[in-house]
Each structure stands twice: as structure tokens, then as C-alpha cells.
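Ready for some practice in reading a protein model? Work through the exercises below with the structure open beside you, and try each task before you turn to its solution.

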Amino acid sequence: MSENLVEDPFYSIDAVMYESKKKKNPNIPVDPKDLEEDVKGKKMKITFDGVKLVYNKHVLLVDDMIAVASAKPKEIIIHSLPRIGKGYRERYWKKSKIVFATREQASEWFNIVNTAIENGRYTERSERGPIVEFKDDTRVKRVRVIVNPHGGKGDAQQVFNTRILPLLQLAGIQCDLEITKYYANAKDMAITHEPDKYEGVLLVSGDGLVNEFVNGLMQRVDSCYAIYNTPICHVSAGTQNQISGGIGTTCYETAAYCIIKHKVKALDVLRVSPKNMPIQYSLCGVVAGIGGDMVKDYESYRVYGCMRYPLLKLKWGVFKRQKHVTDLEYTPVSDRIQHYQMHKCSRTKANCPVCIDGHHNYFYKPLKCPHAPNNQDEDKMIHPEDSSDSDSDSLDSLVLPAGFSAACSCEYPRWCQLVSNREWISDDLFEITQEEEGCCGRRKRVVEENHTERVVTVQKPVEETDLQYLTIGIVVNAPYDGEYCHCCDGSLDLIVARSGTCCQTVGLLGRYVTRTHLKSPLMDYIKAKSVVLRNPGENTVNVDGEELTYEDELKVEVCEAGVTCYGEL
């Protein structure tokens, strides 16, 4: 190329540029003809430095490019997903067609841009991808897609085929599509999931499908290994879509972009422990009171679609409101941490400082599982259910990479390699030097980067008996109700709406409609590590849109960086 500046990685040429029209709202379906309609092209100078493409005072970042194609010998088409505005998570599909004077110029620029796109994706996979080195790259550019055709409006498969699949195909991502056929089918799929086969899993439905899949991963013998190496992406095709709202993938183009570019981040989850019942995990939250009453009618009101939630809130919050009393116990974080974390996280914009700090602390520097074998060559571990204390005489072994364990018998089977219930540490370089009260005890001795040793303790539990309330929300990723929820801050959000006089209750309901309910004197918003609800008899709560009935006691704890998900910080 005669106009190529060979002294540095900088390329410049005069060519004709065409641009597709910008979509104002990424969530509104657009006819493909509108996407392909070109603005009148003109000849201009185009420069490329490996990071950005500059033309006519416009800039197209390599980080936004997803693919480059060639329809005709003398032209290339750059497909990109830029933001709709500075700092916004939402993106739109943009086509930039460049017509060159010769075939050689088109071929050379095609290779230059394509190499830059692939190098950028490789860098993302190396920095933020799985922490395990795999023997081969068979899983690269391959995702598993699970679709629930009955969720939300019943258009999940159409959403995937029209809004997600075309973008993934452009980027060369292979999609293995599966349709759920029965209740909890996603849980069975997770149990048999092969982490080494896929880069991640794309779940197209409501929050319930994501909950099923994650709980299925937790039931595996190799849950540590599977969770770390199975990033999940939630595509909004349900009724509420709290999970996608929390991780920032409500926009379909943004969800596709995160998969293509392998934008991965950590996400806190809740460990729900009913007394004398199996443990469950929640990605959104647990709701008692009016929320627990509503979940009983979810299936019967499904015919009303997106209107079922307002109707059920009106039914159980006004016309059939019940009296709810419980004993509440919670372990708050320190005042210093709460003051820092009480920062509103804008789900429409990126770069929340609390989310970024939490991701760096809990995801970039994971500690080695203390139950892993000391000998790096010894990679066979026995599951607790098959131990010598078990009734079974057979000992099944599982081969796992060094650093992972299937034999974690501590309180947090997946999170035992993290410092649990610790004070906020700004430096992400730390290690456990002494453990007290077990692997996941309430007291840890840690050493920071400056080698000053100190003991980290949590706050004393706070108890409140005979609490009369309207609803109690224990949330970790609920952007519509938990204004101060963050994707990975290591804390859960306890939201209590107390019962008051008739006038106070009516005022609270009015504030709820105008989204100013947190200013009501009946509301408490607390950052905590764990919550315990005690109420004799049978009780019902809402766990990610699913009904959970327990007796006497329910314990909810936050599991820091419990899940790896696709999403931008």
C-alpha cells in the first residue's frame, strides 16, 4: 500500500465510506432493511492505528468492532457495536462499508482490521477469562444456548434468532441451541454440562431459568471447577428480568457484545439455607411477606403476562393483605463499609466504582482452595458423600485441575478459597496466613501487601423480635428495588418495610408508586453479610420468582463472587 506509513503501526488511505443508520433504542425491534440502509457515501481520508479507525472526525474503536466481512472484491464491511452514548451500557448494531480503489488495498485492510479484532478478544480472554489453562482451544468461540420458550411473552426463541444469533454468527461464534422441555430441565442440563467444551452459557428467558441452571451447577461434584469456568449470560426474555438488569445485559446488542468480546465479571449470589431442607442459591434475592404471598399465584396469573406483578401487588398488598410477624437477626457490615457501598449503581451506565473495586478484589486474585491437595501432581479428590463416613462402600474419585476441590466440607463449598466475612481491603493482594474457627469461620487473620498483620472481625449480630412487617427483601442483584445493590461488593442488601398505622401504610404505598419509598420512615435499608428469619410454623418466601416453603427458620448468606457472568463493569 503506497500510502501506508511503515515506520509505525499506522495506516492511512483515501476511500469511500458508507455508514448504516443509528438505532435510537436498541430494545425496539428493527427491520433488517433499516439496518442495511446506507447514508450517502463520500470519499475521505481513513486512518487506522490498531486501536481506532478515524474518518471524517468520527472514531470507531477496535474494542467496539465484532467482525469484518467482504461482500465485493474492492470493499470491506466493518460490523461494530458502539455505545448509544458516552458511558452507557446499551449498544447498537452499526455497519461501516469502505470501498477501495483496488482489490489489493481491500485485502490488506481486511487482514489488518481482522487481526486487530482477534488480538483484542484474545487479550480479554487472557485477562478476564477462566483461571484454568486448558489443554486445547476447542472451546474457543463456542457457547451453549438454552432457551425457555414459555418464559415472559413466549418469544424467547424469536429474540435469540433475530437479535442475538446474527451478531454471534458474524463474529464466528458457534452456538449449540437447546430448548427446555419440562420444569427444571435447565438444572439437569447444568448437572451434565461440560465446562471444557464451551466458553460460556447463554440463557434466554426469565430469572427462573438462570436460577435453575446455577443451582444445577452447585449440585455437581466438581461445582468449584464448573462455576469458575462457566460464565453465564442472561438475555431478557422473561417478565421481570432482574438478573440481566443487574449485570447490565438488558439490551440484546450488549449481551451479544459481551459474549463476542468475552467481557466477564464476578457476581455475588445468596446461599439460602432452610432448616432441615436442601440448600438453594439465589442470584436476585429472597422476599418474604407480600412477596411471599404473591409467589403462590405466579403460575395462575401467568396468562396476564407482564401485568401479573402489578395485579398481584394490588391483590396481596391492598385487598388481601396479611399480618406478617417474624424474629429478625442480621449481621451488618461495618459503618465504614456501609457508607462506601451506599452508592447508587446506575444500571444504564458503566464504570460504577464499587462494582469495579469488588470485581478486582474477589475475581482477579482468587485464593487457592484450602482443601486442594498440597502435592500438585496429586489431582484425585474424594467427594464428601463418598468418604469413609458414608454408608457407601465405594469411593469414586474425580480428576480436577490443581487448586480446585470437590471435597470442600466447609461452610461455603465453593467460596472457601475466598476470605469470607472480612473487612473491606482496598489492595487485592492478600493471602490467608492463619485460620480460626474453621475454613470459613467468622474470624480471619490476613496479611496485606505491606506485610502488616491484623485480625479482621465482623460486626456483632443484631436481633429484633416480633417484627411486624409488610415485606422483607434480602437481595443481592435486584436493580429495580435495591438501589444500592452492586454486582460484587461482598454484601447483601436487607430491605425492610415495617407495618405502621393505616395512614403510614397508605403513604408508603404511594411512595412506592413514585419510587421514593426508601425515604419513608417505615423503610430500613441495611448492608449485611447474613440474615436469619425465625417464625414458628410453615412460611413461604419468593426465591428468584420460585416458591420456597420452609419451617421455623431460614438463613440467607452472601457468597462473594459466587458466579462468573458476562457483563461490563
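A surface patch is made of residues with over 30% relative accessible area and no salt bridge, and nonpolar side chains are joined within 5 Å. Keep in mind that this is a predicted model.

**Exercise 1. Find which residues form a nonpolar patch on the surface, and place Leu311.**

Step 1. Look for Val303, Tyr304, Met307 and Leu311, which form the patch. Together these four offer about 420 Å² of accessible area.

Step 2. Now place Leu311: this residue belongs to helix α10, residues 308-319.

Step 3. Buried means under 20% relative accessible area, and exposed means over 50%. Leu311 has 33%, so it counts as partly exposed.

**Exercise 2. Work out how far helix α5 reaches, and decide whether its residues are buried or exposed.**

Step 1. Helix α5 covers residues 207-218, 12 residues in total.

Step 2. From first C-alpha to last, α5 reaches 17 Å, close to the 16 Å expected at 1.5 Å a residue.

Step 3. Check the burial: the buried residues include Asp207, Glu212, Phe213 and Met218. In fact 12 of the 12 residues are buried, so α5 is largely enclosed by the rest of the structure.

**Exercise 3. Describe the surroundings of strand β12 and name the strands joined to it by bridges.**

Step 1. Strand β12 spans residues 264-274, and because 11 of its 11 residues are buried, the strand is largely enclosed by the rest of the structure.

Step 2. Follow the side chains: Val264, Ala266, Asp268, Leu270, Val272 and Pro274 point one way, while Lys265, Leu267, Val269, Arg271 and Ser273 point the other way.

Step 3. Strand β24 (residues 546-566) runs antiparallel to β12, and 10 bridges join the two. For example, Ala266 has Thr564 as its bridge partner in β24.

Step 4. Strand β13 (residues 280-282) is also antiparallel to β12, with 3 bridges. Here Leu270 is partnered by Ser282.

Step 5. The hairpin of β12 and β13 has 5 residues between the strands, and Asn276 takes a positive phi near 60 degrees.

**Exercise 4. How many disulfides does the structure hold, and why is there no bond from Cys352 to Cys355?**

Step 1. A disulfide is a covalent bond between the sulfur atoms of two cysteines. The cut-off to apply is 2.5 Å between the sulfurs.

Step 2. For Cys352, the closest cysteine sulfur is in Cys355, at 3.7 Å, which is too far for a bond.

Step 3. For Cys487, the closest cysteine sulfur is also in Cys355, at 3.8 Å, again too far.

Step 4. The count is therefore 0 disulfides.

Terms used:
Residues numbered from 1 in each chain as written. Predicted model: local features only at pLDDT ≥ 70, side-chain atom pairs only at ≥ 80, totals over all residues. Heavy atoms only, no water. Patch = residues over 30% accessible without salt bridge, like charges linked within 9 Å, V, L, I, M, F, W, Y side chains within 5 Å. Areas by Shrake-Rupley, 256 points an atom, 1.4 Å probe, with all protein chains shown as cover. Salt bridge = Lys/Arg side-chain N within 4 Å of Asp/Glu carboxyl O. Helix = DSSP H or I, 4+ residues; strand = E, 2+ residues; numbered from the N terminus. Buried < 20%, exposed > 50% of the residue type's maximum accessible area, 1.4 Å probe, protein only. Expected span 1.5 Å × (residues − 1). Pairing = 2+ DSSP bridges.
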